[in-house]
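Visitor: I am new to this structure and would be grateful for a close look at the places where charged side chains pair with one another. Please begin with the setting in which they lie.

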Amino acid sequence: MYKQVSEVLIRDIAAGRLTDGERLPPERTMAAQLKIAVGTLRRALEDLKEKGLLERVQGSGNYIRTRNLRDHFYSMLRIELLSGGGFPNARILSVDVMDKPADLPEFGTSKRASRVRRLRFLDETPVAAEEIWLDASKGEVKAEDLEDSLYAYYQRALGFWIASAEDRVSFAPMPDWGPSELDCRPGETAGYIERFSWADGPAPVEFSRTWFDTSRAHYVQRMR
């Protein structure tokens, strides 16, 4: 439970709802708001402190620190529930290694790539269909080892880190493999994001396509 609370707070920091230097409410008040025990909250806050995202000042309170946020994958998440935020997770639909199809833009240096298709959730609400392509030069994605964060998987299993990304947002038809849990059916217009992601070289190593259900979520970009 404390890990879930920690991730929710990190998500709020990444989304800009908690800003650098902001003082959090008293721990008992905050625990009551989150409907958790004070001890659970304190463990979550300690986790944030270890990640460099919280400063605990004796006699004063707990203060948000964002200087290490870029090291956390939540800093690149941009889809939120219409009501705001939402704890993200994902269900893997398929993982395949194949030649890159002709409809993909140029990325990476190989003719082959790992393709991951998944259904994205926010607070257990299905919001998006994702298709992620990782260039074969960075390794092969193994379905049995995957976790909710592909970026964390890249670092742990493949030995590299996504350092930057570029998003292109528009509208597009939901693909024919779009999950039935979404209100937006295959062929219907959905929010659409194309993302190019870079590691340590001049060429992007990953390309992804996300179709999101605009009746449940929207794309948010905040500047701080």
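Guide: The account below begins with the whole chain, turns to the salt bridges, and ends with some individual residues.

The model is a predicted one. Its protein contains four helices and 10 strands. In sequence order, these elements follow the pattern α-α-α-β-β-β-β-β-β-α-β-β-β-β. The radius of gyration is 19 Å, close to the 17 Å that the globule rule gives for 224 residues, so the protein is as compact as a globular protein of that length. Along the principal axes, its C-alpha atoms fill a box of roughly 60 × 40 × 35 Å. Of the 224 residues, 47% are buried. When contacts between residues at least 6 apart in sequence are considered, 62% of them join residues at least 24 apart. The exposed area of the protein is about 11400 Å², and carbon and sulfur atoms supply 47% of that area.

The charges may now be considered. The protein carries 33 positive and 35 negative charges, and the mean positions of these two sets are 5 Å apart. Side chains of opposite charge can pair when their charged atoms come close. A search of the whole structure finds 20 salt bridges, and several of them can be examined in turn.

One of these salt bridges joins the side chains of Asp99 and Arg112, with an N to O distance of 2.9 Å. This pair links distant parts of the chain: Asp99 belongs to strand β4 (residues 88–99) and Arg112 to strand β5 (residues 112–122), and the two are 13 residues apart. Arg112 has a relative accessible area of 35%, so it is partly exposed.

Another salt bridge brings together the side chains of Asp135 and Lys100, with 2.6 Å from N to O. Here too the pair links distant parts of the chain, since Asp135 lies in strand β6 (residues 125–135) and Lys100 in the loop between β4 and β5, 35 residues apart. Asp135 counts as buried because its relative accessibility is 0%, and buried means under 20%.

A further salt bridge is formed by Arg216 and Asp213, whose closest N and O atoms are 3.8 Å apart. Both partners, Arg216 and Asp213, are buried. Salt bridges also link Glu27, Arg42, Glu46 and Arg56 in a network.

A charged residue in strand β9 (residues 206–212) also deserves attention, namely Arg209. With a relative accessibility of 11%, Arg209 counts as buried. Leaving aside residues up to four places away in sequence, Arg209 touches Asp103, Leu104, Ala129, Glu130, Glu131, Trp133, Tyr192 and Ile193. Gly52, by contrast, is 157 residues from Arg209 in sequence and 31 Å from it in space, C-alpha to C-alpha.

Two other charged residues stand out for their backbone. Most residues other than glycine have a negative phi. Lys35, however, has a positive phi of about 60° although it is not a glycine. Lys35 sits in the loop between α2 and α3 (38–50), and it counts as exposed because its relative accessibility is 77%. Asp123 likewise has a positive phi, of about 50°, without being a glycine. Its place is in the loop between β5 and β6, where Asp123 is partly exposed, with a relative accessible area of 43%.

Two residues from the early part of the account's numbering complete the surroundings. Ser6 lies in helix α1 (residues 2–15) and counts as buried, its relative accessibility being 0%. Not counting residues up to four places away in sequence, Ser6 touches Ala44, Asp47 and Leu48. Gly21 is located in the loop between α1 and α2 (27–34) and is partly exposed, with a relative accessible area of 35%. With residues up to four places away in sequence left out, Gly21 touches Tyr63, Ile64 and Arg65. Gly21 and Thr66 are 45 residues apart in sequence, yet their C-alpha atoms are 8.3 Å apart in space.

To return to the request: the charged pairs described include Asp99 with Arg112, Asp135 with Lys100, and Arg216 with Asp213.

Definitions and conventions. Residues are numbered from 1 along each chain as its sequence is written. This is a predicted model: local features need pLDDT of at least 70, side-chain atom pairs count only at pLDDT 80 or more; totals for chains, interfaces and linings use all residues. Side-chain values use heavy atoms; hydrogens and water are left out. The radius of gyration is taken over C-alpha atoms; the globule rule is 2.2 Å times the number of residues to the power 0.38. Buried means under 20% relative accessible area, exposed over 50%, partly exposed in between (1.4 Å probe, protein chains only). Contact means heavy atoms within 4.5 Å. Accessible areas come from the Shrake-Rupley method with a 1.4 Å probe; for residues, only the protein chains shown count as cover. Lys and Arg count as positive and Asp and Glu as negative; His and the chain ends are not counted. The place of a charge is taken as NZ of Lys, CZ of Arg, CG of Asp or CD of Glu. A salt bridge is a side-chain nitrogen of Lys or Arg within 4 Å of a carboxyl oxygen of Asp or Glu.
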